[in-house]
Structure formats: structure tokens, C-alpha cells
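These are my notebook entries on what I looked up in one structure. I took one buried site, one helix and the salt bridges in turn.

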Amino acid sequence: MSKHPLSPAPLPPHKRVHTAHEEHLGELQPSFDAVLSDEIILFVFSYLAPADLCAVQRTNRNWFRLSLDNQLWKSLYISEFGRTRLRGARGFIGRTDGREIKPLPGRAWSEDIKDWKWMFRISSNWRTGRCSLEHLDLVNSPRQMSNQRLFHPTHLLLSGNLTLMASSIPSTMPTILLSSPAHDPYRVPCLSSHSTHPCHITALALDQSPPSSGHQGRLICFLSTGQFTSFTIDHQAPASSTRTFTYQQGARISDRSPIIQAAYHHPLLITLSQSFRVSLYDLSSHAVRHTQTLNSYTSYPPTSLVLSSQSPSSYKLVIAYAIPVYPSHWSVGATELIISNAVGSSMTVSSSRTARAIDTPQGFIDEVKMRAVQDQWSRKVIRVADTQTDGKWVVLAPGPSVPREVPRPSRSGGRHTSIAASSSASSISSSSTHFSSSTYSSSSLHTASGLQLYRVSFPSSTTSLSSPKLTYVRTLHGQIGPVSNLALADGRCVSLGVNNSIWVWDLEAGTGTEVSPGISGPDDDSEGYEAAALRLRAGLRGAVVFDDRRIVSSHGAEVEIRRFDV
């Protein structure tokens with residue numbers, strides 16, 4: 001039997017012989033992502049710098065996901081900035097010494113949802129001065145009241161996401177402007193009992209106690225008529241803010257001077273008048289009760305108040321102020337007041353202690369003590385632009401040496417309660433002090449070349465051998481031109497210059513960053529330069545406040561908001 005013939009089609013190619021070397025040619029090559037687990041890659045990423053960690057995000061999707069690990073950025077943030085929160089957050093005071101301030105409950109973040117990379121970016125912007133700028137004007141018509149816009153300062157406060165602004169221009173109905181990024185601006189009227197006579201706002205005070213509601217807080221507004229009004233501020237709906245009560249001081253008009261500063265920790269309200277009269281009020285159950293008044297012979301504005309609660313029945317107030325130095329110079333001092341609120345008794349000062357930057361040593365004056373006195377005298381200034389404290393640090397801003405006529409202070413007696421202080425604390429007395437001006441001038445021998453930084457220490461009462469100290473640390477140099485105002489909180493200081501320059505200082509590290517150079521000459525801004533020169537000659541002050549994400553400053557009615565969360 002014959003076989004079928006083969007097809008004329010060509011035969012298929014021979015099969016390839018597989019060897020051991022060619023067995024894995026078809027498999028994927030090993031990669032960094034495939035061989036190592038996420039934990040090992042994160043461990044490698046932990047050795048990268050923040051800039052390199054941001055650069056590796058462009059490699060692939062897996063590296064982008066791993067480089068955003070929250071715990072990785074938390075370690076970087078703590079190692080770089082040495083804390084677990086943003087500095088300068090405003091809200092109720094968490095520690096008893098008033099040095100650490102927690103955010104308001106409405107803005108508080110839990111640990112598991114805190115964005116550490118975003119916090120790192122905000123803190124880096126503070127360190128480099130990178131921010132956005134927004135301009136506001138409190139006067140409705142820019143053309144009207146041009147002189148009043150310049151000569152009347154603006155009061156500023158920050159509360160959560162709200163910015164509270166109040167102009168000191170006289171009006172028959174002064175208002176407080178509540179500004180929020182999520183809501184339209186709302187004006188809260190501050191009605192005076194003398195509605196037909198113009199008056200102006202002299203000070204604002206925000207409650208520092210833990211709020212009963214997460215989105216509401218207390219605010220007190222002081223008027224030039226001597227009365228003050230309490231408001232309930234709603235952070236989620238500023239238009240729902242309401243007036244709580246109004247209190248009119250019962251003192252005689254001749255003994256009354258405007259309130260220039262106040263500290264509020266419900267139910268305790270402490271006010272400081274221009275004549276350096278410290279008054280204590282009990283606001284329990286919306287019933288205002290004046291409990292005590294203290295006065296000083298040796299303390300002068302500008303001042304700074306820090307109020308904290310040590311216990312439910314005890315408060316601590318730290319006051320920084322200017323003190324005269326013979327024959328015609330100035331320095332800085334700080335006083336601690338312990339206020340007791342025992343059951344069945346009124347709020348009164350139980351003890352006080354004072355520390356001075358320039359003080360005469362006790363006992364025999366030897367060579368060492370004389371050298372210390374000489375060092376202290378080298379830091380006296382001819383004028384004080386501002387003093388600020390946060391309970392831990394004290395900063396003194398020397399004023400410019402501009403010769404001008406300044407009225408002499410006049411004094412008149414008054415009967416008020418006084419608290420006996422220690423041997424070194426002579427700033428609390430039983431007589432009142434009245435001044436016709438809060439600006440001081442002596443000579444042109446010294447200029448405002450830097451900010452003087454001091455460390456204030458009030459040891460515990462149990463340590464009887466230790467005395468209060470105001471220790472000089474360093475002088476902060478860098479800002480060009482005289483300083484107008486200071487803001488200090490949480491170891492960070494912001495200085496506002498007369499020429500609108502702004503510097504941010506890290507008091508612990510002693511470093512500074514320029515946020516705004518200001519106006520250097522008439523070529524930059526002729527109108528702004530003339531306004532700055534006028535402020536310098538007239539001794540006009542601006543205003544500056546800050547929190548963990550922004551700086552708000554003003555000269556007159558013009559307000560500038562700089563945000564660092566960009």
C-alpha cells in the first residue's frame with residue numbers, strides 16, 4: 001500500500017531548543033518596588049530631606065503614595081521644628097503657666113487626621129517669609145476722613161477663623177467688623193449710653209477660658225465713655241453674634257481714664273487704664289462686680305497682659321511695662337499678680353512680685369555687682385515703642401529718637417485698695433497715677449537699633465530662696481527702621497515697623513525672617529513714605545496680631561492680612 005504524497009507547502013520551522021540560561025528571559029526584571037515592601041521603602045525615605053522627599057513623588061504612583069505617608073512627615077516635622085503643633089495657635093490656655101496655647105475646639109484636629117505635611121509647609125513658610133497678602137479698609141469711603149484714617153489706630157483680634165477689627169475713629173455708633181473667609185463681613189454695633197455724643201472704641205478683650213460651646217466665644221468692647229459691652233461671638237455664623245450686657249463704670253468722671261488694655265478669663269476681667277490703674281471685675285452670672293483697683297507710681301504704658309488660670313480658684317496675671325531710669329531714660333519691668341477666687345470671697349490680689357531689667361543690687365556693691373550694673377545701664381533707651389510678654393519672654397522695642405515736645409505727666413491722688421508687694425516689687429501702691437500723654441522723650445543719644453529680649457522667671461512660692469528675675473538674653477538685629485508695635489505668643493514675636501516692614505522672630509533660636517521689607521524711600525511709594533514720615537514725627541502706633549497661620553497688621557484704617565497656609 002502506497003503512502004500519500006507530501007503537501008507541497010513548506011515545512012514549519014524547527015522548534016527552538018530551550019537551555020537553562022534562556023528559561024527566565026520571558027519574566028519581568030526585578031524592580032525596587034517589587035523586591036522591597038512598603039515598610040522598607042518608607043524606612044529608606046525617612047533618611048531623605050524634605051525637598052528630596054517631595055522630588056521623589058514624580059517617580060511613579062507608588063512612590064507618590066508612599067512619600068505622602070503621614071507618619072513620615074510627622075517625624076520630619078518634630079525633628080525639624082521640635083513640637084507637635086503649629087506655633088502661635090490662639091484659643092483657650094491649656095497649661096497653668098500660660099506658655100502653651102491650644103487651638104479652639106472648632107479647629108482642633110485629632111491625631112489620626114492631622115496633616116503633617118501641610119503643617120510642615122506652613123511652618124516652613126513662617127521660616128522663609130512666604131505668604132499671600134490681602135488688603136482691607138475699615139472706612140467705607142476712602143476719600144472721607146483722610147486725617148482720621150491715619151491718626152486713629154485700629155484694634156485687632158484673632159479668634160479661630162475670625163478676624164475682629166475695630167476702628168478708633170469717633171462715631172455715634174462704633175462697630176466691630178467680623179471677617180471670615182467663609183462668610184461675608186459683618187459689623188457688630190457697640191451702642192453707647194450717650195448715643196448723641198461721638199465716642200470711640202479704646203480696647204477689645206477676648207475670653208481665654210474653655211468655651212461652653214465649640215463655635216461661640218465671649219468678647220468685651222471698651223468705649224471712651226467708660227462703659228464696656230459683652231458680646232457672644234458665633235464663629236460659624238458671625239451674623240448671629242449678640243450683645244450680652246453693658247456695664248457703666250460708677251467712678252467719678254475726674255477719676256476716669258480710658259481703658260487701653262484688658263485680659264479676660266471668664267469670670268475674671270482685668271482692665272488697665274492709661275493712668276496705669278488695674279481694675280478687677282467679677283462677671284459671674286452676667287452680674288458685673290468691681291472687686292479691686294490697683295495703682296502704680298513707677299509703671300507706664302506701653303504694656304502687655306497675660307492672664308492664665310492656675311486652678312479653679314486662682315489666676316495669674318503677668319504685666320510687662322515701661323519703667324523710668326534716672327535721669328531721663330527708660331527700661332522694662334514685669335510684675336506677677338496672683339488673684340484668688342475663694343468660695344464666699346471676692347476676687348482680690350493675694351500676692352505680687354516684680355522683676356526689673358535695671359535694678360540696684362542689694363547689699364555691698366563689689367566689682368562684680370558694679371560690672372553687672374554697667375551692663376544693665378548700657379541697655380537703657382530714650383523712648384519705649386512697645387513691650388510684650390507671653391509669660392516666659394519679654395521683648396522691649398526702643399522708640400525712635402525724634403525730638404518733639406511731650407507734655408509732662410501730672411499726678412493726682414486717689415484712695416484705692418493696694419496690695420503689699422515684696423521688697424523688690426515696688427510697682428503696686430495705693431495711689432493712682434494720671435498722665436496726659438503715654439509717649440516719652442528724653443534725648444537723642446540712643447536709637448532703635450534692635451529688639452531687647454529678656455527671659456522672665458517667677459519661681460514657685462515654695463522656693464523661698466529664689467527671687468524673680470528678668471534676665472537679658474540677646475538683642476535681635478535685622479529690621480531696618482524704628483519699630484511701631486510688637487506681638488508675642490508661644491515663643492514667636494512679630495514686629496511691625498513704622499514703614500510697614502514686618503519681621504518674624506524665633507525667640508528660642510534667636511533668628512529672624514523678613515516677611516515684608518516695607519517702604520524704603522519715596523521712590524517706592526511717595527504717599528506711603530509721607531505717611532510713614534508723618535507717623536514717625538507724630539509718634540503714631542500701628543497694630544499687629546498673629547496666630548498659627550496669619551499675620552494681621554494695620555496703620556490707621558488700612559489693614560493687611562498675610563496668610564502662611566499657601
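Entry 1, a site in a strand. I took buried to mean a relative accessible area under 20%. The model is a predicted one, and I began with S553. Its relative accessible area is 4%, so S553 counts as buried. I located S553 in strand β27, which covers residues 550–555. I then asked which residues S553 touches, leaving aside those up to four places away in sequence. The contacts are L156, L496, I502, A543, V544, E558, V559, E560 and R562.

Entry 2, helix α6. I noted that α6 spans residues 116–128 and has 13 residues. From its first C-alpha to its last it reaches 18 Å, close to the expected 18 Å at 1.5 Å a residue. Which residues of α6 are buried? I found W116, M119, F120, I122, S123, N125 and W126 to be buried. I next examined the two ends. At the N-terminal end, D115 acts as the cap, with a side-chain oxygen 3.3 Å from the backbone nitrogen of K117. After α6 comes G129, and its phi is positive, near 85°.

Entry 3, salt bridges. Side chains of opposite charge can pair when their charged atoms come close. For the count I required a side-chain nitrogen of Lys or Arg within 4 Å of a carboxyl oxygen of Asp or Glu. I recorded 15 salt bridges by this rule.

I started from the helix of the previous entry. R127 pairs with E80, and their closest N and O atoms are 2.6 Å apart. R127 belongs to α6 and E80 to helix α5 (residues 70–81), so this salt bridge ties together parts 47 residues apart in sequence. Are these two residues buried or partly exposed? R127 is partly exposed at 42% relative accessible area, and E80 is partly exposed at 38%.

I then looked up R65 and D38, whose side chains form a salt bridge at 3.1 Å, N to O. Because R65 lies in helix α4 (residues 61–67) and D38 in helix α2 (residues 38–45), the pair ties together parts that are 27 residues apart in sequence. R65 is partly exposed, with 46% relative accessibility, and D38 is partly exposed with 29%.

I also noted a salt bridge between D565 and R563, with the closest N and O atoms 3.1 Å apart. R563 is partly exposed, at a relative accessible area of 23%.

Finally, I asked which residues are linked in a network of salt bridges. The network consists of R83, R85, K392, D490 and E508.

Terms used:
Residues numbered from 1 in each chain as written. Predicted model: local features only at pLDDT ≥ 70, side-chain atom pairs only at ≥ 80, totals over all residues. Heavy atoms only, no water. Helix = DSSP H or I, 4+ residues; strand = E, 2+ residues; numbered from the N terminus. Buried < 20%, exposed > 50% of the residue type's maximum accessible area, 1.4 Å probe, protein only. Contact = heavy atoms within 4.5 Å. Expected span 1.5 Å × (residues − 1). Polar contact = N/O pair within 3.5 Å; in protein donor to acceptor, adjacent residues only side chain to side chain.
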